[in-house]
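The report below concerns a model with its sequence and coordinates, and it is best read with both in view.

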Amino acid sequence: MIGRHTGLSRSNLSFRAPLGLSFRARRGISCTVALAFVLTLSAFAQTGGELHFCLRSEPKTFDPLLVDDDSSLSIRYLTGGVLARVNRHTQELEPELAESWKVSKDGKQITFKLRHGVHFSDGTPFAADDVAFTINRLMDPSVHSPVGDAFRTGAGTVAVKVLATDQVSITFPAAVVGLERQFDEVAIMSAHSPKKEAAVLGPFMVAEYKAGSSIRLEHNPYYWKKDSQGRRLPYLDAILIDIQPNRDVEMLRFKRGELDLINVLDTDYFDRLGSTSPQLVHDAGPSLDSDFMWFNQVATAPIPEYKRAWFRSANFRRAVSEAINRDDLARIVYNGHAQPAVGPVSPANRFWFNSKLKPEAHSPQAALERLKADGFHLQNGILLDKNGNPVEFSIVTNAGSKPRERMSVLIQEDLGKIGIKVNLVPLDFPSLMERILQKFNYEAAMLGFRNVDLDPNGQMNIWLSSAENHGWNPQQKAPATAWEAEIDKLMQAQASTSDLKKRKEAFDRVQEIVYEQAPFIYLINQNALSAVSSSVAGANPGILYPQTFWNAERLTLTGTATAKR
Amino acid sequence: MKAARLLACVIVVAVCALSLGARWLAPAGYAHQFREAADAPPSHQHLLGTDEVGRDRFARVLYGTRISLLLAPAAALVSTALAALVGGLAGYLGGIWLKLARAFTDLFLSLPWLFLLITVRALLPLNVSPLTSVLITFLILGLLGWAQSARVLSTSADALRNSDFVLQARASGLHGPRLFLIHVLPNLKPVLYAQFWISIPVFILSEANLGVLGLGVAEPLPSWGSLLRELEGLISFREEPWRLVPLLLLIVVMTSFQILLSNEEVTA
């Protein structure tokens, strides 16, 4: 790999000390020239080069509105231009293609004021009709855009009105909560370019795609953004992305210097790499992701009635939660790169996390006391329910996930200490999903929740009792319990107002109910771990996707790295 | 050769004795978690260190050896018996029976086993004890692993059927099962032995792979297969060479069996 230019060779020829001056003056000039030389070197060293990293799977689409997988999401992030972008570091929404916007009080309408002088990667000018085209396509039912689902809050059509070449207004049939933040996902497409989705507004554009092998992105020559010194971004010439599902191979290539970054690193690899090259690994702290377990409470599930009675008891669920040593899960399974989880919101989500709640303290004694209240009792080290049935259940989880398999082994031991026998059943993912979502043929399950949305509105499909993903008892016609009815009410209340304070109050209460009732027993929040080569400058790995290259337009490669390739 | 046989015999006996004495040699047991010493290197307390959740690796190797050395040969016995029945008999009978058996074997080998195994797992109850799970796993392996061996045996039996001594036996009036049991089957013994011994490491590794599908030995019970899964993602053997012990044990034991087998074949 050879970068187009490093700037080193050009700057070497630029400076020469003037003749005929005194030694002191010449020395002073020499120092100034040397300083200027170094500054120039560093300035030029920041441009050009090809960043190299891997995606774990092939992108399913290059159409930004059809993105539904991580790899396509990465490509869209690097190539797509959006009206507003959530800063992955500050978590604040920042203007991009829109200079400003205004949301109506009822949360149904948003008006964008667009940036001037912006062009697509093929030179086509960007204007309000491109936004209109994109939104119309996004909301077109025949397109089946997963991105558009977030905007479909009510029956009716979306009206897009071009007010001027730089102004566009979008009206939705019902209020869309956190409306402006949803546009972080909407990459604007050109209404006029013959290149269709290949004409992009982001810092890079797809230059070459070898199916199953690699994707080469080149810098967009028309990209609108400039740095504080007026230099056009991105600094990099290109990004070469290899498709590499094997994490071992990815790690080996990173160690050999063939890759510049690993976006998501497993704990084992993190520690192994960190032990030899601590400067290359980054632990950005707790991520938004969580692992949790839950009990099957579905009325029609093929499980014995006495077991269903256990699983429906809040005391039983809380006792199980108390018996689990979360500190050990974080320390042993994740080598300390995880935190005991509190609830549905990770502490990493600074605004929405209910800071009054603390992780459930590990206390087998308290767990046994709680179980006694429901008639459970220990006999020869075996926990029996009030009818004398020994407490035994199985936990299903996805096979092949080492952390989850290890966690389940620790939980098996923890629950054994209060007399509960746990059978562990790792299943292949499709079978697991079939059992959990269709046949409800399981007793307890352990899975992870990958949260990409900071706003709790993105969790409506979990907390509403009628939702398909209401894990413990999905698709209820009416809430089965009073607390589920209260959650329904609170989630709908937070979704129907744009008053942030009221929304926060409502969702704080939801978190409290979830904590008290433990329908999901949250276990840990894994830390965001990544690796960045020392040849990359400007990287600031964060917790939000894409962790390492969220500021790809400002990443640079050192001269040596560029020359090496 | 004699020295090699002796050494192989000593190794097999020693490994069997060690695994049978696991209760005394590793009193902590295979399931106890030393959580303060998870993933620890070898020490006086833990001769082979501990695994990722703090279980004594030495104990797990001993108990795992016991399970794998008992059940993998049992599964191999089942599959070889089935192979002898299908392949050996078809080869002996010849004609349409041989064609049918080969077609059936080919069909069996072409089935998408991965999906079949997933279906089998989906049909099993969730609440089964680890011991039951290990029995089910090896039984499935035994019942499904006969086809390759059957193909080899059918060819060998077919060759025997047309051999001079079988023709002579026929000419002497020997027919049917009696001919098969007295003349054909004893001559198939070397092939049967070979197929039996070859199947053992294959089943041990298959059990390790089945773990990924959730069909392997259930936690916390160890097996060579589950111990070999620990090697997944191990980038440098130099860093933690003790983790290679289960693999080395598998190689050494299987090699020893092969050396002993070659002797058996000679005498057979």
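What follows describes the chains, then their contact, and then a few local features. The model is predicted, and every value given here is computed from it.

## The two chains

The table sets out the overall figures for each chain.

| Chain | Residues | Helices and strands | C-alpha box along the principal axes | Buried residues |
|---|---|---|---|---|
| Chain A | 565 residues | 17 helices, 21 strands | roughly 105 × 60 × 45 Å | 47% |
| Chain B | 268 residues | 11 helices, 0 strands | roughly 75 × 50 × 30 Å | 40% |

Chain A contains both helices and strands, 17 of the former and 21 of the latter, while chain B has 11 helices and 0 strands, so that its pattern along the sequence reads α-α-α-α-α-α-α-α-α-α-α. For chain A, the radius of gyration is 27 Å, which agrees with the value near 24 Å that a compact globule of 565 residues would have.

In chain A, 68% of the contacts with a separation of 6 or more are accounted for by residues 24 or more positions apart. The corresponding share in chain B, among contacts between residues at least 6 apart in sequence, is 72% for residues at least 24 apart.

## Where the chains meet

The contact between the chains draws 26 residues from chain A and 20 residues from chain B. On the side of chain B that touches chain A, helices α5 (113–123) and α9 (176–213) of chain B each supply at least two residues, and α5(B) gives the largest share, namely 3 residues. Sorted by class, this side of chain B comprises 11 nonpolar, 5 polar and 4 charged residues.

## Two helices of chain A side by side

Within chain A, the axes of helix α9 (residues 314–323) and helix α11 (residues 364–372) come within 8 Å of each other and cross at roughly 170°. Because angles over 145 degrees count as roughly antiparallel, α9(A) and α11(A) are roughly antiparallel to each other. On the α9(A) side the contact is made by N315(A), F316(A), R318(A), A319(A), E322(A) and A323(A), and on the α11(A) side by P364(A), A366(A), A367(A), R370(A) and L371(A). By class, the contact of these helices has 7 nonpolar, 1 polar and 3 charged residues.

## An enclosed helix of chain A

Helix α12 of chain A, residues 402–416, has 15 residues and reaches 21 Å from its first C-alpha to its last, close to the 21 Å expected at 1.5 Å a residue. Of its 15 residues, 11 are buried, so α12(A) is largely enclosed by the rest of the structure. The buried residues of α12(A) include the run from M407(A), S408(A) and V409(A) through L410(A), I411(A), Q412(A), E413(A) and D414(A) to L415(A), and R404(A) and E405(A) are buried as well.

## A residue in chain B

V152(B) lies in helix α7 of chain B, residues 147–161. How many other C-beta atoms lie within 10 Å of V152(B)? There are 18, and because a residue counts as buried at 20 or more and as exposed at 12 or fewer, V152(B) is partly exposed. Leaving aside neighbours within four places in sequence, V152(B) is in contact with G87(B), V191(B) and Q195(B). One of these partners, V191(B), is 39 residues from V152(B) in sequence, and the two are 8.0 Å apart in space, C-alpha to C-alpha.

Notes:
Residues numbered from 1 in each chain as written. Chains lettered and ligands numbered in written order. Predicted model: local features only at pLDDT ≥ 70, side-chain atom pairs only at ≥ 80, totals over all residues. Helix = DSSP H or I, 4+ residues; strand = E, 2+ residues; numbered from the N terminus. Expected span 1.5 Å × (residues − 1). Contact = placed C-beta atoms within 7 Å. Rg over C-alpha atoms; globule rule 2.2 N^0.38 Å. Nonpolar A, V, L, I, M, F, W, Y, C, P; charged D, E, K, R; others polar. Axes fitted to C-alpha atoms, helices over the stretch in contact; angles between N-to-C directions. Parallel < 35°, antiparallel > 145°, perpendicular 65-115°, else oblique.
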